[in-house]
Each structure stands twice: as C-alpha cells, then as structure tokens.
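I opened this one with no background and wanted to get my bearings. These are my notes, in the order I looked things up.

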Amino acid sequence: MVHAADLTGMEVERTLLNAAARAGVQFFETPRHRSDLASRHGAPAERVLGVYVLDTKTSAVHSFLGKAVVLATGGAGKVYLYTSNPDVATGDGWRWPTARAPPSQIWIHPVPSHLPLPLAGEELLISEALRGEGGILRNRAGDPFMERYDPRKELAPRDVVARSIDSELKRRGDDCAYLDMTHLGKAFLVDHFPHIYTTCRLRDRHGGVADPVVPAAHYVCGGVCTDLQGRTSLPGLLAIGEVACTGLHGANRLASNSLLKAGVRAPRGGRRARIAAESPRAPSVPDWDPGRAVPSDEGVIVKQNGTRSAS
C-alpha cells in the first residue's frame, strides 16, 4: 500500500508520468482514440501485432505496430449511472476474443459523493477512511440507519455498507444518503482530508448543495484473464492493471488491493513485453480497411451511443 493524504491516486499517476518522461516514453494523446487490434490470422493461432488508432480530429486511422501490445485500458465504470471512474473508463479492453472472467464482478464503492443527478464532472470519491474515522451515515431525514442492517454499523465491510445504503434508499425512496462528519470538527477534517474538504466546500459555495453519497461502480474485479506475467490467451497481447483478471480478487476486492496490479503484476507484464520487443521478428499488417463505410450525415447515433446508461 502507498498513501499520500487523500490524493494517493493523483500522486501515483504523477510519479509514474514523471518516470515515463525521464525514460523517453513517447505519448500519443487526444484527439487520438484506439480503434482495434491489428492482428495476423494463421497457424498456429491469431497473433496481435499492433493497434489501429483513429484520429478523431482528422478521421484518419493510423497503424501502430509492436512486437508486444499491452492493454492498460482500465475499468468500465461509465456504463453505470453512478461511478467514481473518469470518462475514459468505458470497458474498451473487453472487446476482443480473449479469455475473460465475468464482467459482472464489478466492485461497488459504498460512499462516492454525487449530486442527485449524474451531472458531468460531479463525481468525487469520498474516502472510506472517513467512515473509519467515525463518520455516520444518515438518511434524508437525518437519522442514522446502519444499525438496522448490521451491528458493526459504519465499520461493517464495504460490500455490506454498500448494500445497506442501497436498501435504505429503496426503503425510503430517497435518492441519496449523507455521511456526517460534523462531530469531528473542521480542524480534524482539514488536516486529514484536505482535498475532500476543499472540494466539498467549493461545491457548497458555488451551488449551495450539500454533497450526498450513493453506492457507485468503482472497480472491475473480473476482466481479461492473464497468467502471472500478464500474458493473455492471444499471442502478442498482454493486459495489466484493472482491465486484467490476475487472480488477486474474487467478486469483491480488499482495500488497496488494486495497487498489487499496478505495483507487482504490471512490472511483470512490462518485463515480458521487453523480452518480446527484443525479438528480431518485425511485425507487418495491412493498412486499415474501412470497407464500404462512409462518414455519417447524422450525429444522433453518435450522441445516443455516448450517453451513459443506468445499470
């Protein structure tokens, strides 16, 4: 486990990006968007040799060839109405014919903060450490309710807390619950949870709305099955991080266990990709064939496909 106040994820990402920059890694960022795997068919099996990438600004499809291709596309939280995930978590890594664990193994976080309607950019993950420090879950009427569902109340396991909140919302017809920290005092919250405190205060000043909590999709415990080195059932294709099913999780996930995928399994996959890159074989694939596809003169389909659906 690693820890950096209540900004651990941001610090992990900052450190990784800085290390990648020092190593000379070349990034191709937006407006490009991954389109499909480039592969070669034939005996003894299909082999992945690169990716076709759509440039959403020019509509051109570019070929990126590689002796190893690593899926690191993250999760699929955006198929849910409520999620802690960023907009890029759309499950793209599950599209190909690799062995997979059930995608139904979605871990639900009990207390992400949301406004009652899923407005863009309103997601804020409320750390479970707040419950551990003494936060009290209350319904819309202001009444604590966890004792109704479990004698451990707010300190029950995360899946129990998530189901309890869901049951309370359905029992009362509420659209959210609240995590009450007022009894701990401002100084304690500012010292232990500076980002969460500042963000909640900023929302309050701009909208006058107290931040509610609702259970939300947080982490995919299933995914593309890999071995201990990150290899999938498709030769030439590896998977690391949340998109991979490594055997570290069941249908539930222990706190911070996802870091094992990033800090242990991902480096193993990287080493395996480096070994593949040292192979003298030079991959080659045909250019992208759009077939008879032509640009659409209607935008409604794109708009509909981009709309998040409740699950």
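Is F28 buried, partly exposed or exposed? I looked it up in this model, which is a predicted one. F28 has a relative accessible area of 42%, so I noted it as partly exposed, since buried would need under 20% and exposed over 50%.

**Entry: the whole chain**

I stepped back for an overview. I found seven helices and 14 strands in the chain. The chain has 311 residues, and 36% of them are buried. I also checked the contacts between residues at least 6 apart in sequence: 61% of them join residues at least 24 apart. For the surface, I wrote down about 17,900 Å² exposed, with 56% of it supplied by carbon and sulfur atoms.

**Entry: aromatic pairs**

Next I went back to the rings. I got a count of three aromatic pairs. In one of them, F28 and F64 have ring centres 4.9 Å apart and planes at 70°, so I put the pair down as edge-to-face, the cut-off for that being over 60 degrees. I then asked where the two partners sit. F28 is in the loop between α1 (8-22) and β1 (32-40), while F64 is in strand β3 (residues 61-65), and the pair links distant parts of the chain, 36 residues apart. F64 comes out as partly exposed too, at a relative accessible area of 26%.

Y52 and W288 form an aromatic pair as well, and I noted it as edge-to-face: 5.1 Å from centre to centre, with 70° between the planes. How many residues apart are Y52 and W288? They are 236 residues apart, with Y52 in strand β2 (residues 47-55) and W288 in the loop between α6 (258-277) and α7 (300-305). Y52 is buried, at a relative accessible area of 9%, whereas W288 is partly exposed, at 34%.

**Entry: helix α3**

I picked α3 (residues 158-172) for a length check. Its 15 residues, at 1.5 Å a residue, should span 21 Å, and the end C-alpha atoms are 21 Å apart, so expectation and model agree. The span uses one less than the number of residues, which is why 15 residues give that figure.

Which residues of α3 are buried? I listed R158, V160, V161, A162, S164, I165, E168 and L169. Their cover includes β6 (106-109), α2 (129-132) and β9 (136-138). Just after α3, I spotted G173 with a positive phi of about 80°.

**Entry: the nonpolar cores**

The largest nonpolar core has 22 residues, and I126, L130, L137, I165, L179 and V213 touch the most other members. α3 gives the most to this core, with four residues. I followed I165 a bit further: leaving out residues up to four places away in sequence, I165 touches P110, V111, L137, F145, A177 and P215. I also found a second, separate core of 19 residues, and V48, A76, W94 and V224 are among them.

**Entry: one aspartate**

Last, I looked up D92, in the loop between β4 (69-71) and β5 (100-101). Is D92 buried or exposed? Its relative accessibility is 19%, so D92 counts as buried, the limit being under 20%. I also noted a polar contact of 3.1 Å between the side chains of D92 and T90.

Methods:
Residues are numbered from 1 along each chain as its sequence is written. Side-chain values use heavy atoms; hydrogens and water are left out. Rings of Phe, Tyr and Trp (its six-membered ring) pair if their centres lie within 6.5 Å; planes under 30 degrees apart count as stacked, over 60 as edge-to-face and the rest as tilted. Helices (H or I, at least four residues) and strands (E, at least two) are DSSP runs, numbered from the N terminus. Buried means under 20% relative accessible area, exposed over 50%, partly exposed in between (1.4 Å probe, protein chains only). Contact means heavy atoms within 4.5 Å. A nonpolar core is a set of buried Ala, Val, Leu, Ile, Met, Phe, Trp, Tyr and Cys residues joined through side-chain atoms within 4.5 Å. Accessible areas come from the Shrake-Rupley method with a 1.4 Å probe; for residues, only the protein chains shown count as cover. A polar contact is a pair of N or O atoms within 3.5 Å; within protein, one must be able to donate a hydrogen and the other to accept it, and residues adjacent in sequence count only if both atoms are side-chain atoms.
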